[in-house]
Amino acid sequence: MTTIGSVFLPVSNTRASAAWFAETFDMRLISVEEHAAVLQTGASGHRLSLLGPASGISSPPGLPWAPFNLLAEDLHATHDRLARTGGNPGDINGDTQTCFWFTATDPDQNTLLIVDR
């Protein structure tokens with residue numbers, strides 16, 4: 001079986017973004033350097049890599065679409081936390097058949113998709 005080991009997101013400041021993601025989503029910080037920061041998401045070992053300008057990526061921050069989703073144990077608590085940390089969360093949508101979800105933004109205005117399953 002093939003699995004996804006890490007996802008990547010462009011940011012303008014790796015240190016500031018890593019601190020925001022760690023606090024907002026309770027992620028464990030693995031490393032922070034000028035070009036990239038790596039965070040681990042829970043016991044699964046999946047990683048989020050934040051790529052700064054020094055990484056040489058050609059995509060600037062501010063993605064208008066979510067390249068991955070974040071699975072929240074408590075969707076309403078995560079929604080409230082994003083409201084407090086400036087994540088501009090939208091309304092919670094969805095249904096019991098598929099999932100409940102909402103979008104928000106990180107400090108670089110990258111679109112984030114948060115789901116309950």
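User: In this predicted model, why is the pairing of the D116 and R117 side chains called a salt bridge?

Analyst: The side chains of D116 and R117 meet at 3.2 Å, N to O. A salt bridge requires a side-chain nitrogen of Lys or Arg within 4 Å of a carboxyl oxygen of Asp or Glu, so the pair qualifies. The structure holds 1 salt bridge.

User: What makes D116 count as buried, exposed or partly exposed?

Analyst: D116 has a relative accessible area of 25%. Buried means under 20% and exposed over 50%, so D116 is partly exposed. For R117 the value is 45%, and therefore R117 is partly exposed by the cut-offs of 20% and 50%.

User: What makes L9, F21, F25, L50 and I114 stand out in the largest nonpolar core?

Analyst: They are the residues with the most contacts inside this core, which has 22 residues. Elements that each supply at least two residues include α1 (14-25), β3 (36-41) and β8 (111-115). The most comes from α1, with 5 residues.

User: Which residues is L50 in contact with, leaving aside its neighbours within four places in sequence?

Analyst: Among them are L9, V11, F21, H35 and L39.

User: How are the residues of the lining of the largest pocket divided by character?

Analyst: The lining has 10 nonpolar, 8 polar and 5 charged residues. In total 23 residues line this pocket, and M27, T41, G42, L70 and L71 lie nearest its centre. Its volume is about 730 Å³. At least two lining residues come from each of β1 (6-10), β4 (46-51), β5 (69-71) and α2 (75-84).

Note on methods: Residues are numbered from 1 along each chain as its sequence is written. This is a predicted model: local features need pLDDT of at least 70, side-chain atom pairs count only at pLDDT 80 or more; totals for chains, interfaces and linings use all residues. Side-chain values use heavy atoms; hydrogens and water are left out. On a 1 Å grid over the protein atoms alone, a cavity is a set of points where a 1.4 Å probe fits but cannot get out, and a pocket is an open set with protein on both sides within 12 Å along at least five of seven lines; lining residues have an atom within 4 Å of a point. Grid points are joined across faces, edges and corners, and a volume is the space filled by probe spheres set on the points. Helices (H or I, at least four residues) and strands (E, at least two) are DSSP runs, numbered from the N terminus. Ala, Val, Leu, Ile, Met, Phe, Trp, Tyr, Cys and Pro count as nonpolar, Asp, Glu, Lys and Arg as charged, and the others, Gly among them, as polar. Buried means under 20% relative accessible area, exposed over 50%, partly exposed in between (1.4 Å probe, protein chains only). A nonpolar core is a set of buried Ala, Val, Leu, Ile, Met, Phe, Trp, Tyr and Cys residues joined through side-chain atoms within 4.5 Å. Contact means heavy atoms within 4.5 Å.
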